[in-house]
Amino acid sequence: MKRNHTAVTAATSAAGTSSATAADVTEKGKNNNNMWNEDDAGVDELLAVLGYKVKSADMVDVAQKIEHLEGVFGNDDGLSQIASDSVHYNPSDLHSWLESMICELNPSPEPVIIDDSFVNDSDLQAMIYPPPKKVKPNCSSSSSSSTVTGSANPNPSIQNNNSNSNNQVVIVDSQENGIRLVHTLMACAEAIQQENYQLAESLVKQAGMLAVSQAGAMRKVATCFAEALARKIYRLSPQPPHDPPAFSDLLQMHFYETCPYLKFAHFTANQAILEAFAGKKKVHVIDFGMKQGMQWPALMQALALRPGGPPTFRLTGIGPPSGDNTDYLQEVGWKLAQLADTIHVEFKFRGFIAGSLADLEPSMFDLRNDEVLAVNSVFELHQLLARPGAIDKVLSAVKQMSPEILTVVEQEANHNGTSFLERFTESLHYYSTLFDSLESSGGGDGGVGGGAAVNGGVDVGVNGGGVSPVSSEDRFMSEVYLGKQICNVVACEGVDRVERHETLTQWKTRLDSAGFEAVHLGSNAFKQASMLLALFAGGDGYRVVEEDGCLMLGWHTRPLITTSAWKIR
């Protein structure tokens, strides 16, 4: 799903609050293949392939009812009435189902009031994703049918009773449905912004039905956004809003194995830290997001290979409470200590549990005058934007620590605007690109041992320089990892909405105001980052771009993450 971003933007901007237009109409020829047994004699073959049983005797009546529905599906009010009153699944008895649809289209419907008190998580899939029908290819008949899409008018038009009228088959291809799907998602988001929840409810059901007709990345990302919109409409934000650290770390580890984004983040940040530590005998790193410590083995190996011997390396790792009273940070520190012993690096570790980085004070970190300090943040600072004043407090504390370097890796997107529709549009484009890259990525091994540092730099982190295919488990868990971010961006508000990504330009403004200036990452880091990407199957789609001394990793024309380095001005 290689997107033309200009085309998608143009398509989405035209969405408005209306649903997609009807599909182009083309005629099908006859197919004389006999695919059914004698028990199905008299049943129209084309409709049977689509999952409907319609006897030949009922064909005229069914065709008239379809033409009637096509006539009255003219605006959103009628569709909202139907979608709000009940959930319509694809029936097997098409004749009876059409009768029930027409009965519901009365000229004076009662106002629909959404009562979400009965809705819970287990209902979401059934509400917006009716079970799809399996379609057998290359089958048609002289009989005809129509696919009913679009919006409804509550005022029914006069039925055409001419049994000799030409009935045509609606052929909907994946590309057309994809454009209609984007329109519908955008229209739903606009309806939510306008607090028109009745319209939004009907549109999110349309989006769910259109999503299942897609394949690959488009289907996956649209499903995530449709579910997030449904949660927004029915006020079903995830409870609890944040996953336990162990589960979040597990998802991130699978994401690390699937695609190069986290490897790029760790590698480029480590390269900047390694250059800042050049010639120093005692070094200290404070990691704002320790996770499972995946970033640090490569740096330790690079320090071990440094001419003149490795320095004394002290690492302070910060992480959230575990929820089960386990000291997971100490377990991570113990594993790193074992590696340090193996490669003969003098190593000390200390872990800090903190609900927020804003709770920490410089005096807690046992800072020493004879040590060179680096502060590292990978996908952590944007979460502080959920609490007023938190980011300013943390940047002020970092400045008091007087680090030699501050490394920052953040998503290259603006998901922190005040307009819900703008936030939704930006996130739809951003995560569509990410899902597209996941579909195409072959992935690397991702190990920390056996690799070689390049030109005295940081080990690129791939064992033996080879690659291995991405497992289905890694890819699936990576999709869950991104899906949870989408849900947070779209469905959550207030302090629960922590995925408040901002662009490099916005971070430059914040860091400049806090008294920092940018440090150029250098051409060596650019070359080695490009070498890292070459190790990934499908790596041709990834792009490293240098902008004002910062490095951006993107997929085709879209930048997705940015690494920057800073020092006190």
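Guide: Buried means under 20% relative accessible area, exposed over 50%, and partly exposed in between (1.4 Å probe, protein chains only). What you see is a predicted model, where local features need pLDDT of at least 70 and side-chain atom pairs 80 or more, while totals for chains, interfaces and linings use all residues. Residues count from 1 along each chain as written, and side-chain values use heavy atoms, without hydrogens or water.

Visitor: Then let's try that out: is glutamate 380 buried or exposed?

Guide: Its relative accessibility is 11%. Its salt-bridge partner, lysine 291, has a relative accessible area of 25%, so lysine 291 is partly exposed. Glutamate 380, on the other hand, counts as buried.

Visitor: How many residues apart are glutamate 380 and lysine 291?

Guide: Their side chains meet in a salt bridge (Lys or Arg side-chain nitrogen within 4 Å of an Asp or Glu carboxyl oxygen), here at 3.7 Å, N to O. Glutamate 380 sits in the loop between strand S6 (372-378) and helix H14 (390-401); helices (H or I, at least four residues) and strands (E, at least two) are DSSP runs numbered from the N terminus. Lysine 291 is in the loop between strand S3 (282-287) and helix H12 (296-304), so the pair links distant parts of the chain, with a separation of 89 residues.

Visitor: Which residue forms a salt bridge with arginine 314?

Guide: Arginine 314 lies in strand S4 (residues 312-319), and its partner is in the loop between S5 (347-353) and S6. That ties together parts that are 52 residues apart in sequence. Arginine 314 is buried at 8% relative accessibility, while the partner is partly exposed at 35%. The closest N and O atoms are 3.8 Å apart, and the partner is aspartate 366.

Visitor: How many salt bridges does the whole structure hold?

Guide: Another one joins glutamate 371 and arginine 368, at 3.8 Å from N to O. Salt bridges that share partners also join Lys232, Arg423, Glu493 and Arg497 into one network. A search of the whole structure gives a total of 20.

Visitor: Why are phenylalanine 420 and phenylalanine 424 a tilted pair?

Guide: Rings of Phe, Tyr and Trp (its six-membered ring) pair with centres within 6.5 Å; planes under 30 degrees apart are stacked, over 60 edge-to-face, the rest tilted. Both phenylalanines belong to helix H15 (residues 420-440), four residues apart, about one turn of the helix. Their centres are 6.2 Å apart, and the pair is tilted because the planes meet at 35°.

Visitor: How many aromatic pairs are there?

Guide: One of them is the stacked pair of phenylalanine 255 and tyrosine 261, with 6.2 Å centre to centre and 10° between the planes. Phenylalanine 255 is buried at 4% relative accessibility, as is tyrosine 261 at 1%. Ring pairs link both into a cluster with Tyr481, Tyr542 and Trp555. The whole structure holds nine.

Visitor: How many disulfides are there?

Guide: A disulfide is two cysteine sulfurs within 2.5 Å. Take cysteine 492, buried at 2% relative accessibility: the closest cysteine sulfur, in cysteine 487, is 5.6 Å away, too far for a bond. Across the structure, the number is zero.

Visitor: Which residue is the bridge partner of valine 544 in S10?

Guide: Two strands pair if DSSP finds at least two bridges. Strand S9 (residues 542-547) and strand S10 (residues 550-555) have six, in the antiparallel sense. In the hairpin of S9 and S10, with two residues between the strands, aspartate 548 takes a positive phi near 55°. In S10, valine 544 has as its bridge partner leucine 553.
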